[in-house]
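Hi everyone, thanks for coming. I have a short tour for you today, so please take a look at the model on the screen.

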Amino acid sequence: MKDTERAPAPSRGKSRYILALLPLLAFAGFAAIAAKMLYEQDVNGLDVSAIPSALINTKAPSLSLPPLEGANVPALNDAAIKGKLTLVNVFASWCVPCRQEHPMLKELAKDERLNIVGINYKDKSDNALRFLGELGNPYAAIGIDPNGKAAIDWGVYGIPETYLVGKDGTIVYKKVGPIDAATYERDMIPAIEKAAAD
């Protein structure tokens, strides 16, 4: 082939056709992913809202939070969870799903095997006290986290979030979002029973 000769340029019609197909292919890919998630949810009972945590099966981050003054429970520190099967719940008074899950926490507080503690996240103490006064206090200890540093250490995505910490201090389960009746029966109770048996 001589230098002056060039390969024929693709026709304009062909490149337009390919460009027109790209959005359709992208949509088909998203539809396939959504269909797989729905199938897993309906057929296999998969909780598609579950977000895996890098902290599962690792030691829980250290806790040294000041108390929620007026709550009449101790501050949240390492001693509050040491050697106990503990549910660490991150909550705030301004969080609507926290209000929705609160009856489930009160139910879990009746389980004598379980120690429930709270991290009050970026909240005003007066509002948190009002929240607990209205809905009841299931927590054996509460620590305030006004700047969210403890939540970052625990890998919190958004609240509410709940962590089950074994007696040895290892995080064995994490729930992102509110605990509801289905989560309670399907996930929470089996996780507690398994951890309590260890």
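I'll start with one glutamate and its strand, then move to some backbone angles.

First, some ground rules. This is a predicted model, in which local features need pLDDT of at least 70, side-chain atom pairs count only at pLDDT 80 or more, and totals for chains, interfaces and linings use all residues. Residues are numbered from 1 along each chain as its sequence is written, and side-chain values use heavy atoms, with hydrogens and water left out.

So, please find E161. It sits in strand β4, residues 161–165; helices (H or I, at least four residues) and strands (E, at least two) are DSSP runs, numbered from the N terminus. Is E161 buried or exposed? E161 is buried, at a relative accessible area of 0%. Here buried means under 20% relative accessible area, exposed over 50%, and partly exposed in between, using a 1.4 Å probe and protein chains only.

What does the E161 side chain reach? One partner is the backbone nitrogen of G158, at 2.9 Å. There is also a polar contact with the side chain of K174, at 3.4 Å. By polar contact I mean a pair of N or O atoms within 3.5 Å; within protein, one must be able to donate a hydrogen and the other to accept it, and residues adjacent in sequence count only if both atoms are side-chain atoms. Leaving aside neighbours within four places in sequence, E161 is in contact (heavy atoms within 4.5 Å) with residues including V88, N89, V90 and V176.

V176 is also the bridge partner of E161 in β5. The strands β4 and β5 run antiparallel, joined by 5 bridges; two strands pair if DSSP finds at least two bridges between them. They form a hairpin with 5 residues between them, and G169 in the turn has a positive phi of about 90°. In β5, residues 171–176, 5 of the 6 residues are buried, so this strand is largely enclosed by the rest of the structure.

Now step back along the chain to P160, in the loop between α5 (149–153) and β4. The peptide bond from I159 to P160 is cis, with omega near 0°.

Finally, two asparagines. N57 lies in the loop between α1 (12–44) and α2 (78–81), and the loop between α1 and α2 also holds N72. Phi is positive at N57, about 65°, and at N72, near 60°. N57 is exposed at 61% relative accessibility, and N72 is exposed at 75%.

Thanks for listening!
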